[in-house]
Amino acid sequence: MVNGRFSAWAVVLSAVPQGSVLGPLLFLLFISELPDWIKNSICMFADTKIWTRLTNPMDAESLQKDLDSLSTWSAQWQLKFNPEKCKLMHIGHKQDIKYTIRQDNIDWNIQEVSEEKDLGVLTTCTLKVARQCQAAVLKANRILGMVHRQFSDLDRKSFLIIYKGFIKPHLEYAMQTWSPYQKGDIEDLEKVQRRATRLVKGYLKLPYEERLRKLRLTTLPTRRLQGDLIETFKIITGKEQVNCETFFQMNRNVYDTRGHCFKLATSRSRLEVRHNFFSQRVIPHWNRLPAHVVAYDTVNTFKNRLDKEWGN
């Protein structure tokens with residue numbers, strides 16, 4: 001309906017009407033049986049992803065069979081995939097294996113890529129985060145430049161509203177996924193906040209630490225560590241709809257009685273990149289927390305206790 005006038009009725013042969021209130025729910029119902037066609041792991045959220053570990057030629061054949069099943073499902077339910085948007089990424093050792101997806105009786109070779117944006121985060125075949133850090137810095141600096149051109153004088157209150165609403169989210173979006181660990185990436189992100197805090201009237205010549213104290217802000221590494229600990233608390237206490245054992249293993253050492261009772265077991269990480277994953281890097285910081293900080297039911301109470309502990 002546009003301006004009170006309706007279009008003519010049409011028969012919908014497949015999919016669901018777009019722009020309707022029930023559209024998202026109907027679409028989920030429409031594709032709900034798709035995982036039953038797949039033998040390997042599948043994730044359907046915004047984009048559909050299939051993955052498996054390749055240890056022998058049979059694994060590659062199994063993955064191709066899943067792609068063939070997708071093609072069969074697509075033809076049967078008249079919901080076509082776009083072959084040009086289908087991408088292949090090998091994580092780890094490069095595999096010289098080609099995969100195809102069938103559309104309209106034509107076999108399309110799936111394009112192999114070394115990086116791909118997934119829900120706003122750049123994922124690379126090496127799982128390194130330098131490219132994502134560069135993209136975040138570029139977006140934040142672009143907005144910071146616009147703020148600098150539009151506002152000649154910013155008081156503390158106005159700056160905090162603009163910074164927390166338009167600049168800081170780019171530096172912290174999905175941070176548990178791509179938290180930087182190399183010194184250059186960490187410094188590049190911190191430079192954005194250094195530059196931003198100089199915009200406050202009267203703060204230009206103050207040291208960076210003094211500007212943070214007056215604005216009641218922390219450095220970005222401290223902020224990222226706080227986010228890691230809060231996310232760990234939510235996972236362990238069941239406030240996130242994920243299986244805790246997917247990320248962590250509880251410490252079963254009966255002789256370790258110091259600290260709190262929710263300590264996590266550490267595991268060896270042969271690769272540096274894995275050592276800096278969320279499920280690995282947060283463990284020593286989590287285990288060092290005192291019992292009176294961890295032993296609470298609500299996230300806000302945990303956060304307030306953590307802030308108080310760090311303040312002391």
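How far apart are the mean positions of the positive and negative charges of the protein? They sit 9 Å apart, worked out from 47 positive and 33 negative charges. Lys and Arg count as positive here and Asp and Glu as negative, with His and the chain ends not counted; each charge is placed at NZ of Lys, CZ of Arg, CG of Asp or CD of Glu.

A note for every panel: this is a predicted model, where local features need pLDDT of at least 70 and side-chain atom pairs count only at pLDDT 80 or more, while totals for chains, interfaces and linings use all residues. Residues are numbered from 1 along each chain as its sequence is written, and side-chain values use heavy atoms, with hydrogens and water left out.

**Figure 1. The whole protein, with its 14 helices and eight strands.** These are DSSP runs numbered from the N terminus (helices are H or I, at least four residues; strands are E, at least two). The radius of gyration is 25 Å, well over the 20 Å that the globule rule gives for 312 residues, so the protein is more spread out than a compact globule. (That radius is taken over C-alpha atoms, and the rule is 2.2 Å times the number of residues to the power 0.38.) Along the principal axes, the C-alpha atoms fill a box of roughly 65 × 65 × 40 Å. Of the 312 residues, 32% count as buried; that label means under 20% relative accessible area, with exposed over 50% and partly exposed in between (1.4 Å probe, protein chains only).

**Figure 2. Phe159 and Tyr163, one of eight aromatic pairs in the structure.** The ring centres are 5.4 Å apart and the planes meet at 10°, so this pair is stacked. To pair, rings of Phe, Tyr and Trp (its six-membered ring) need centres within 6.5 Å; planes under 30 degrees apart are stacked, over 60 edge-to-face, and the rest tilted. Both residues belong to helix H4 (residues 156-172), four residues apart, or about one turn of the helix. Phe159 and Tyr163 are both buried.

**Figure 3. Phe248 meets Phe278 edge-to-face.** Here the centres are 5.8 Å apart, with 65° between the planes. This pair links distant parts of the chain, 30 residues apart: Phe248 is in the loop between helix H9 (244-247) and helix H10 (272-275), and Phe278 is in helix H11 (residues 278-281). Both Phe248 and Phe278 are buried.

**Figure 4. Ile91, out in a loop.** The loop in question runs between strand S3 (87-88) and strand S4 (100-103). Ile91 has 52% relative accessibility, so it counts as exposed. Leaving aside residues up to four places away in sequence, Ile91 touches Cys125 and Leu127, where contact means heavy atoms within 4.5 Å. Ile91 and Cys125 are 34 residues apart in sequence, yet their C-alpha atoms are 4.6 Å apart.

**Figure 5. Gln78 and Asp104, two residues with positive phi.** Most residues other than glycine have a negative phi. Gln78 has phi near 55°, and Asp104 also has phi near 55°. Gln78 is found in the loop between helix H2 (57-77) and S3; at 45% relative accessible area, Gln78 is partly exposed. Asp104 lies in the loop between S4 and strand S5 (106-109).
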